[in-house]
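Here's a friendly walk through a few spots in this structure. Have a look at it first, and then we'll start with the cysteines.

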Amino acid sequence: RSVYDGEEHGRFMEKLEARIRNHDREIEKMCNFHYQGFVDSITELLKVRGEAQKLKNQVTDTNRKLQNEGKELLLAMEELKQCRLQQRNISATVDKLTLCLPVLEMYSKLREQMKSKRHYPALKTLEHLEHTYLPQVSHYRFCKIMVDNIPKLREEIKEVSMSDLKDFLESIRKHSDKIGETAMKQAQQQRNLDNIVSQHPRISGGKKSKKEVCASSDLEVKNTSPMSEQDSGILDVEDEDEDEEVPGAQDLVDFSPVYRCLHIYSVLGARETFENYYRKQRRKQARLVLQPPSNMHETLDGYRKYFNQIVGFFVVEDHILHTTQGLVNRAYIDELWEMALSKTIAALRTHSSYCSDPSLVLDLKNLIVLFADTLQGYGFPVNQLFDMLLEIQDQYSETLLKKWSGVFRNILDSDNYSPIPVTNEEVYKKIVGQFPFQDTELEKVILKWGKWHSISTEVDDMIRKSTNLLLTRTLSNCLQNVIKRKNVGLTELVQIIINTTHLEKSCKFLEEFITNITNVLPETVHTTKLYGTTTFKDARHAAEEEIYTNLNQKIDQFLQLADYDWMAMEPGSKASDYLVDLIGFLRSTFAVFTHLPGDVDVHSTMSGKVAQTACMSACKHLSTSLMQLLLEAEVRQLTLGALQQFNLDVEECER
């Protein structure tokens with residue numbers, strides 16, 4: 001700054017140049033001092049360069065030789081490297097396959113089980129696959145596919161097992177008839193066996209009781225694996241001879257579809273869903289079973305098939321109750337049975353009311369007893385069914401009364417109402433020898449219904465009440481109808497009176513007949529009394545009244561012929577013609593009463609009484625009617641001659 005400020009740069013440049021020259025001289029002095037050393041160094045370097053070139057050539061040559069010699073080694077090393085890599089990969093692959101192969105094997109086993117419809121084992125295999133094997137190889141893509149398929153497989157197992165269950169339900173619905181028939185046969189066999197044992201106490205071995213048969217059958221089914229591979233449905237059973245052992249009802253049914261489906265749904269955590277579905281479907285089937293066919297009342301087979309289906313349904317449910325834990329419970333069974341009992345009784349009431357054949361009603365009673373015995377053997381309460389039998393008994397009595405009403409009508413219609421002619425002693429003995437009437441078959445018929453009662457007093461009471469109904473309703477009505485017929489004559493009415501008198505006297509023999517059958521004396525407390533005597537007395541009184549009424553009607557007919565000339569001046573010389581005819585008719589009529597053949601004591605006493613009463617009734621009616629002729633409003637005036645003629649008629653009546 002001072003150089004420029006003082007404008008002395010020229011001088012400064014001179015000084016600077018002088019300084020540079022001084023430095024150059026110093027540099028040159030120094031270089032001159034070191035030059036020889038420098039030359040020596042260059043010379044040495046030149047020598048080294050030659051040696052270095054020579055070394056380079058040797059190294060290059062050695063490298064070339066080494067490269068040539070190492071090519072094979074490099075190739076071998078590369079091959080070794082690849083082998084080691086492959087070995088490592090193979091080892092890793094073996095390790096991975098060791099983990100994957102069980103998964104693939106289990107999956108293959110699963111598909112095979114699915115294909116062969118072994119669904120319960122398939123479900124177990126699926127559980128092992130999901131929880132044990134797949135977690136070890138979960139990072140592989142095929143395992144992820146398997147994991148994604150597991151819910152679908154579970155659903156498929158559920159659907160297939162449910163399909164098997166539906167087939168089973170449909171099968172037992174169709175075969176309930178056969179199952180029930182077999183159960184009722186078994187109950188009948190047991191009943192026959194009990195009767196034999198009760199008659200021969202020593203014979204206690206041999207066949208099992210129904211409870212034992214059921215228990216053994218239950219045990220067999222309990223020991224059946226739920227993984228059984230048998231098809232669902234009913235096993236084929238040929239019709240057995242009566243002498244052969246009837247198989248247990250449970251032996252006809254393969255319950256494995258139910259067990260399998262129950263186990264499968266339990267494992268899948270859907271047991272409640274399965275239980276609800278099973279109960280709902282069986283309720284529907286119960287309603288179908290309990291719906292009787294419209295023509296059930298026409299034949300016994302209709303009732304039998306109806307009962308068989310109901311028994312078959314409850315035999316299956318009872319077995320399910322005892323061989324599964326909770327699929328059905330006692331409350332559910334009781335609810336179904338209550339419904340079945342009410343519907344069955346209602347159906348029986350309705351259809352039995354249409355039945356007019358007593359033989360069919362009797363067979364129906366026996367069928368109801370067997371039906372009740374069968375279900376009672378399985379623990380179902382059947383008291384209402386036995387109460388229903390009392391109603392059926394009334395129905396049986398009604399149909400019998402209708403049947404015998406027809407029999408009585410035919411007997412009464414075919415009778416000629418005349419005494420039995422007896423020409424000699426031989427004929428008399430032959431006729432009398434027919435009494436008392438004996439018919440062992442008839443005695444068996446009387447006791448057909450009573451076989452149900454175990455107490456003799458009940459049988460006696462039932463027979464006596466039925467006999468009273470037969471006498472007081474059926475026979476009484478038939479007799480009344482005969483008595484009231486328009487074409488019945490006085491002779492026939494008199495014979496009816498005689499007949500009813502004999503029937504009244506025979507009532508004591510009817511009492512003895514019933515006592516001999518039932519072994520219950522009439523004097524026993526609460527024994528029902530027979531009303532036969534009253535019945536025949538009423539019929540006889542009705543016949544007597546009919547005689548009196550007929551006589552009076554005949555008198556009225558004659559009186560209609562009376563033709564008095566109330567203005568006549570002179571009376572006739574004799575009684576009126578109509579009155580003479582009337583008296584002649586009455587004379588011949590009373591001759592019928594007084595000349596009846598037969599037992600003098602019985603007939604004369606009885607006919608005399610009837611004739612006496614008839615005569616009094618006729619006289620009173622004639623007297624009243626004659627008086628009425630005089631007092632008629634149309635008769636406004638009378639002559640003495642007319643009164644004298646009327647007096648002649650009255651005197652004729654008195655004579």
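This is a predicted model. Cys-355 counts as buried, because its relative accessibility is 7% and the buried class means under 20%. Cys-615 is partly exposed, with a relative accessible area of 34%. How far away is the cysteine sulfur nearest to Cys-615? That sulfur belongs to Cys-619 and sits 4.0 Å away, and Cys-615 is in no disulfide. A disulfide needs two cysteine sulfur atoms within 2.5 Å, so that distance doesn't qualify. The overall disulfide count comes to zero.

On to the aromatic rings: searching the whole structure turns up 16 aromatic pairs. Here are two of them.

| Ring pair | Distance between centres | Angle between planes | Class |
|---|---|---|---|
| Trp-337 and Phe-380 | 5.2 Å | 45° | tilted |
| Trp-566 and Phe-646 | 6.1 Å | 45° | tilted |

Trp-337 sits in helix α9, while Phe-380 is in the loop between α10 and α11, 43 residues apart. Both of these residues, Trp-337 and Phe-380, are buried. They also belong to a cluster of linked ring pairs, along with Phe-313 and Phe-314.

The other pair bridges distant parts of the chain too: Trp-566 is in the loop between α17 and α18, and Phe-646 is in helix α20, 80 residues apart. Trp-566 and Phe-646 are both buried.

Back in helix α9, which spans residues 330-352, you'll find Thr-350. Thr-350 is partly exposed at 39% relative accessibility. Its C-alpha is 8.9 Å from that of His-297, though 53 residues separate the two in sequence.

One last stop: the charged end of Arg-279 sits over the ring of Tyr-332, 5.4 Å from the ring's centre.

Note on methods:
Residues numbered from 1 in each chain as written. Predicted model: local features only at pLDDT ≥ 70, side-chain atom pairs only at ≥ 80, totals over all residues. Heavy atoms only, no water. Buried < 20%, exposed > 50% of the residue type's maximum accessible area, 1.4 Å probe, protein only. Helix = DSSP H or I, 4+ residues; strand = E, 2+ residues; numbered from the N terminus. Phe/Tyr/Trp six-rings, centres within 6.5 Å; stacked < 30°, edge-to-face > 60°. Lys NZ or Arg CZ within 6 Å of the ring centre and 35° of its normal.
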